[in-house]
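Student: I would like to go through the labels used for this model and see what each one rests on.
Tutor: Go ahead and ask about them in turn.

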Amino acid sequence: MEDDPKAAVAARYDALFFDLDGVLYRGDQAIAGAAEALAAIGEFGIPRLFLSNNSSRTPDEVAAKLTGLGFEARPRDVVTSALATASFLEREGQADATAYVIGEQGIREALGSVGIQILDGDPARTDLVVIGLDRSVDYGKLRTASLLVERGARLVATNADPSLPAPDGLWPGAGALVAAVAATTGVTPVVIGKPARPMFEAAAEATGARRPLVVGDRLDTDIRGADAMGWDSLLVLTGATRPPDLLTADETPTYVAAGLSALTTAVPPARFRPAWPEEAGAIEDLLRSAGLSADGVRSRIPSTIVSASDDLNAGPDATACLEVVGVQSTAEAILRSVAVRKEHRGTGLGTLAVASAVREARRLGLGAVTLFTVSASVFFEHLGFRRAARDELPEAVRTSRHATEECAQSAVPMRLKLRSRTAQD
């Protein structure tokens, strides 16, 4: 059954900002279904931009690649870190500045378009040192850049990506080149590209967007950047991020999906928060509908999270409970009561419920999360949980009421080790 277009994810926003590699294509191959999804979204009439941290390519080159892969794209639909860098410097009043550039055609054209004078060779001084991806960089360029920064030039990085994916492995990215100059001079660069704000601010300025959706495949750039801007995000699992990565990240996307077709569906946003006492009845109903026990829900409200609208009559879309057992150094987390409304199962809400609960366990400094499941072991294994024998569980978990009284002996214990952090971190 098709969703109502007016209720589709894409229709909730005034602009869509797409990452490229890992979202629309991988290398020189379009991701299956991506072009069709963008064509369907195009019928909504929502402005969209393609965002690239790669400063070496011009918008014309990016648009030409997208067009060749079957996407409808114009140069004006592209914002690169080079364009964002030029826009940032223009806003900063440095449009008439001089710049020594380590970078390729994309950044050189973008800086020139706003009036910045590019100095080549070995200038004695300059206002700016701008560093982007440069596949012909040598020691001499890095030496000159370092000396100019030591003499007072402002150090600007188009992006801080340490590596560049290539067919034969990872190549040094712009961030690796910036790191050499920063380490030499002790100067911290101004970073423009994702996840830094200037890249997203340039995109918002280009579209006039106030409530855009960021679509990406990386938690550390796309989702982190959207989170810092206070914007919603969709994580697609067609690129760098795998489901277990969600359980170790500090940021949680608003949506997670196998691909871009999710934009045309009516998936509810994941906005997890502590449950309210007056929601206990609705949580009990949700658990029962999922075939889970609702006993003790009211006493566990302080440990329960829900994703729900502010309309109490609507009830939660998803819920989970993180129960802490034991004391101080022996404290352990038990994940229980993970449930999603029937009509929203398979939309990623369950994954984000688990990710939100596990993030709280890490915030509390707990080293592992244990759960017991009868029928969902495959789902939890997909997220990185591993089966465990009951007699190998920590005492606080093994002797808990949940383990000894509330779980059937046929329930499979599963554990996830955490890279924990204290609440003070």
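Tutor: To start with a pairing: in this predicted model, Arg 387 has Met 414 of strand E22 as its bridge partner.

Student: What makes strand E21 and E22 a pair?

Tutor: Two strands pair if there are at least two bridges between them. Strand E21 (residues 386-387) and E22 are joined over 2 bridges, so they pair, in the antiparallel sense.

Student: How many bridges join strand E20 to E22?

Tutor: There are 6 bridges between strand E20 (residues 368-373) and E22, and these strands run antiparallel. One bridge partner in E22 is Val 412, which is matched with Thr 373.

Student: Why is E22 called largely enclosed?

Tutor: Strand E22 covers residues 412-417, and 5 of its 6 residues are buried, so the rest of the structure largely encloses it.

Student: How do you know that Thr 58 is buried?

Tutor: Buried means under 20% relative accessible area. Thr 58 has 6%, so it is buried. Thr 58 sits in the loop between strand E4 (48-52) and helix H2 (59-68). Leaving aside residues up to four places away in sequence, Thr 58 touches Gln 105, Gly 106 and Glu 109.

Student: Why are H3 and H7 called roughly perpendicular?

Tutor: Helix H3 (residues 81-91) and helix H7 (residues 197-207) pack at about 85°, with axes 9 Å apart. Angles of 65 to 115 degrees count as roughly perpendicular, so the label applies to H3 and H7. Residues in the contact include Phe 88 of H3 and Met 199 of H7. The contact residues divide into 5 nonpolar, 2 polar and 3 charged.

Key: Residues are numbered from 1 along each chain as its sequence is written. This is a predicted model: local features need pLDDT of at least 70, side-chain atom pairs count only at pLDDT 80 or more; totals for chains, interfaces and linings use all residues. Side-chain values use heavy atoms; hydrogens and water are left out. Helices (H or I, at least four residues) and strands (E, at least two) are DSSP runs, numbered from the N terminus. Buried means under 20% relative accessible area, exposed over 50%, partly exposed in between (1.4 Å probe, protein chains only). Contact means heavy atoms within 4.5 Å. Axes are lines fitted to C-alpha atoms, for helices over the stretch in contact, and angles run from 0 to 180 degrees between N-to-C directions. Angles under 35 degrees count as roughly parallel, over 145 as roughly antiparallel, 65 to 115 as roughly perpendicular and the rest as oblique. Ala, Val, Leu, Ile, Met, Phe, Trp, Tyr, Cys and Pro count as nonpolar, Asp, Glu, Lys and Arg as charged, and the others, Gly among them, as polar.
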